[in-house]
Amino acid sequence: MIFIFTLLFGFCILFFPLQGIREFKSEKLSYKIIRLIFIGLALSLIAAGIIDGVSYVNNPEDALP
């Protein structure tokens with residue numbers, strides 16, 4: 001059931017760089033890189049949560065009690 005926390009954490013991290021996405025073209029390069037790193041981290045956490053959720057659905061007996 002840890003996939004729920006992974007998904008929520010990923011969506012929370014994803015929300016941060018999406019605020020002010022309109023100014024993306026006029027930002028400094030370092031801010032663009034930081035924004036893209038956060039988006040990549042969030043997407044990887046969301047993907048890990050989805051994979052963990054699918055494995056939980058397929059094998060619920062293997063989950064922690």
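The side chains of arginine 35 and glutamate 27 come together in a salt bridge, with a nitrogen-to-oxygen distance of 2.4 Å. The model is a predicted one, and the structure holds 1 salt bridge. Both partners, arginine 35 and glutamate 27, are buried. For arginine 35, the relative accessible area is 11%, so this residue falls under the 20% limit for a buried position. Arginine 35 is placed in helix H2. With residues up to four places away in sequence not counted, arginine 35 touches Pro17, Leu18, Gln19, Gly20, Ile21, Phe24 and Glu27. The salt-bridge partner thus appears in the contact list as Glu27.

Lysine 32 is also a resident of helix H2. Its relative accessibility is 21%, and lysine 32 therefore counts as partly exposed. Once neighbours within four places in sequence are left aside, the contacts of lysine 32 are Phe24, Lys25 and Glu27. Phe24 and Glu27 are also among the residues touched by arginine 35. Lysine 32 lies over the face of phenylalanine 24, at 5.5 Å from the ring centre. A further lysine is placed over a ring: lysine 28 lies over the face of tyrosine 31, at 5.2 Å from the ring centre. Along the chain, lysine 32 and isoleucine 46 are 14 residues apart, and their C-alpha atoms are separated by 21 Å.

Aromatic rings come next. A pair of aromatic rings is described by the distance of the centres and the angle of the planes. A search of the whole structure finds 2 aromatic pairs. One of them joins phenylalanine 3 and tyrosine 56 in a tilted arrangement, 5.6 Å from centre to centre and with 35° between the planes. This pair links distant parts of the chain, as phenylalanine 3 belongs to helix H1 (residues 3-18) and tyrosine 56 to helix H2, 53 residues apart. Phenylalanine 3 counts as buried because its relative accessibility is 15%. Tyrosine 56, with a relative accessible area of 27%, is partly exposed.

Phenylalanine 16 and phenylalanine 38 form an aromatic pair as well, here edge-to-face, at 5.2 Å centre to centre and 70° between the planes. Phenylalanine 16 lies in helix H1 and phenylalanine 38 in helix H2, so the pair ties together parts that are 22 residues apart in sequence. Phenylalanine 38 has a relative accessible area of 31% and is therefore partly exposed.

Both rings of this edge-to-face pair reappear in a nonpolar surface patch of about 480 Å², which is made by Phe16, Tyr31, Ile34, Phe38 and Leu41. Membership of such a patch calls for over 30% relative accessible area, and phenylalanine 38 is at 31%. Helix H2 (residues 29-58) gives the patch its largest share, with 4 residues. Tyr31 belongs to the patch, and the face of tyrosine 31 is where lysine 28 lies.

Threonine 6 offers another view of helix H1, where this residue has its place. The relative accessible area of threonine 6 is 18%, so this residue is buried. Leaving aside neighbours within four places in sequence, threonine 6 is in contact with Leu45, Ala48 and Gly49.

Terms used: Residues are numbered from 1 along each chain as its sequence is written. This is a predicted model: local features need pLDDT of at least 70, side-chain atom pairs count only at pLDDT 80 or more; totals for chains, interfaces and linings use all residues. Side-chain values use heavy atoms; hydrogens and water are left out. Patches are made of residues with over 30% relative accessible area and no salt bridge: like charges are joined within 9 Å, nonpolar side chains (Val, Leu, Ile, Met, Phe, Trp, Tyr) within 5 Å. Accessible areas come from the Shrake-Rupley method with a 1.4 Å probe; for residues, only the protein chains shown count as cover. A salt bridge is a side-chain nitrogen of Lys or Arg within 4 Å of a carboxyl oxygen of Asp or Glu. Helices (H or I, at least four residues) and strands (E, at least two) are DSSP runs, numbered from the N terminus. Buried means under 20% relative accessible area, exposed over 50%, partly exposed in between (1.4 Å probe, protein chains only). Rings of Phe, Tyr and Trp (its six-membered ring) pair if their centres lie within 6.5 Å; planes under 30 degrees apart count as stacked, over 60 as edge-to-face and the rest as tilted. A charge sits over a ring if NZ of Lys or CZ of Arg is within 6 Å of the ring centre and within 35 degrees of the ring normal. Contact means heavy atoms within 4.5 Å.
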